[in-house]
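Hi everyone, thanks for coming along. I have one structure to walk you through today, so let me put it up on the screen.

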Amino acid sequence: MPTRDGSSPARVATTAAGAVETGTTASFSPPADSWLLVHMLGNPSTAGQTPTFNTPTSTGTALSWTKIASVNNASGGAATVWRAYNSASQTGITCSCTITWSGTPNGQAAMWVDVWTGCNTTQTGAASATSTTTTQTNNPSVTTTASGSRVAMCGVDWNATGAPTSSDTIDAYHTAGQTSGGRAYKASDSGGAGSVSVNFVDGGSGPINSFVIYEILAAAAAGGILPPGINVNASVGRAANF
Amino acid sequence: MTTITVLPVSTYPANVYTLSSTAIADSVTSLQIAVKRCTTVDLTIWPSTSSTITFDMQTSIDGGSTWQSWNSPASGVGGIQLARGVEIPEMYVQGTIPAGTSRRIRGTVTLSAAIKTGATVTVL
């Protein structure tokens, strides 16, 4: 069962230098057999800019990053999610992510790194979706591909109408005049494969939203296990003799 | 890019308006549903901040046998909305759709009161 691990660092605010917007976590110690999910929101200083989503980096043991999805609203505000598998436990690492804008950013958006355990060691084929909206009540959705998945998302409101709320589990923020946003996930695993939505209600009317929503595949079920007391070799021997 | 007009610009009574099941071409990767908002260009369009419009859309990847919720429900209120000093001309939801063939979209647009507006669905 996918579980968000307590080693996950706290949300950080993004900063800006030149054309680059950056988020860097505090140090954290992910356990073995975990997935690191980077959620990065972007805040261009002017409307109509184009973002380049750069591969995250981390200290400690090198990780292989895959972009799950990214989205940019033509008016402003971008979001992206990346993942990397962490096979062995690590101590005191940090993780950074950047967005390079075609103009200049303001920073003052947000970045989260979540550590998840209980996941399939391969996430290939996990579903994702993106959307942009100017609706105040939102339920971004994704069609999951397997039973027992967990669904999570992140969103930025470039119009900064107020910290969003959610009937699901959310960590939200608001920076007046810059951005509001949140990272949210379902409190429990999905049932069978199908459409799953995460509730996201902006703090005020007239938001400019960018959302990424994605599926985390659960750990594969254990292979077939014989009931106790059954000896495979003995059974095969009896079958051959018969 | 193809735009389907669900509601031509007019004044509509409070009601639920339906987009019937509509085929989506295999090459389409995303959709947008939008309604016109109040702006200084036309202050008669959706001026009331106490009236709401709600989208409830579904997509199908098996020709309409089964349906999945698509970014719904999504809703907002009327009146002029500014984004960093610029008026927002439309309330919209634009998003990716599941890959595949034999896809379709359907849904409803609900007006909480009599509202002058227009609604479209655009395939991208």
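I'll talk about how the chains meet, then about the strands, and then about a few side chains and backbone details. Please keep in mind throughout that this is a predicted model.

Let's start with the interface. How many residues of chain B are in contact with chain A? There are 24 of them, and they touch 30 residues of chain A. Between them, chain B and chain A bury about 1,900 Å², with 43% of that area on carbon and sulfur atoms. Three residues deserve a name here: N71(B), R84(B) and Y92(B) supply 34% of the area that chain B buries against chain A, more than any other three residues.

Now, what kind of contacts are these? For those of you thinking about electrostatics, the rule finds zero salt bridges across the interface of chain B and chain A. Polar contacts are another story: 19 residue pairs across this interface are in polar contact, with both residues at pLDDT 80 or more.

Which strands of chain B each supply at least two residues of the side that touches chain A? Those are strand 5 (68–77), strand 6 (82–83) and strand 8 (90–96). Strand 5 of chain B gives the largest share of that side, ten residues. By type, the residues on the side of chain B that touches chain A are twelve nonpolar, ten polar and two charged.

Please look at strand 8 of chain B for a moment. Across the chains, it pairs with strand 12 of chain A, residues 128–133, in the antiparallel sense over three bridges. In that pairing, T133(A) stands opposite V93(B), and the bridge partner of T132(A) is Q94(B). Within its own chain, strand 8 of chain B also pairs with strand 3 of chain B, residues 30–36, again antiparallel and over seven bridges. There Q94(B) turns up once more, as the bridge partner of Q32(B). So Q94(B) has a bridge partner in chain A, T132(A), and one in chain B, Q32(B).

On to salt bridges in the whole structure. The search finds six over all chains. One pair to look at is R4(A) and D114(A), whose side chains meet at 2.9 Å, N to O. This pair links distant parts of the chain: R4(A) sits in strand 1 of chain A, D114(A) in strand 11 of chain A, and they are 110 residues apart.

Aromatic pairs next: the count comes to five over all chains. Take W112(A) and Y173(A). Their ring centres are 6.2 Å apart and their planes are at 55°, so the pair is tilted. W112(A) lies in strand 11 of chain A and Y173(A) in strand 16 of chain A, residues 169–175, so the pair ties together parts that are 61 residues apart in sequence.

Last, the backbone. Most residues other than glycine have a negative phi, and most peptide bonds are trans. With that in mind, which peptide bond is cis here? The one from S72(B) to P73(B) is, with omega near -5°, and P73(B) has its place in strand 5 of chain B. Then there is W46(B), which is not a glycine and yet has a positive phi of about 40°. W46(B) lies in the loop between strand 3 and strand 4 of chain B.

That's my tour, thank you!

How values were computed. Residues are numbered from 1 along each chain as its sequence is written. Chains are lettered from A and ligands numbered from 1 in the order in which they are written. This is a predicted model: local features need pLDDT of at least 70, side-chain atom pairs count only at pLDDT 80 or more; totals for chains, interfaces and linings use all residues. Side-chain values use heavy atoms; hydrogens and water are left out. Contact means heavy atoms within 4.5 Å. Buried area is the accessible area (1.4 Å probe) that two parts lose on being put together, summed over both. A salt bridge is a side-chain nitrogen of Lys or Arg within 4 Å of a carboxyl oxygen of Asp or Glu. A polar contact is a pair of N or O atoms within 3.5 Å; within protein, one must be able to donate a hydrogen and the other to accept it, and residues adjacent in sequence count only if both atoms are side-chain atoms. Helices (H or I, at least four residues) and strands (E, at least two) are DSSP runs, numbered from the N terminus. Ala, Val, Leu, Ile, Met, Phe, Trp, Tyr, Cys and Pro count as nonpolar, Asp, Glu, Lys and Arg as charged, and the others, Gly among them, as polar. Two strands pair if DSSP finds at least two bridges between them. Rings of Phe, Tyr and Trp (its six-membered ring) pair if their centres lie within 6.5 Å; planes under 30 degrees apart count as stacked, over 60 as edge-to-face and the rest as tilted.
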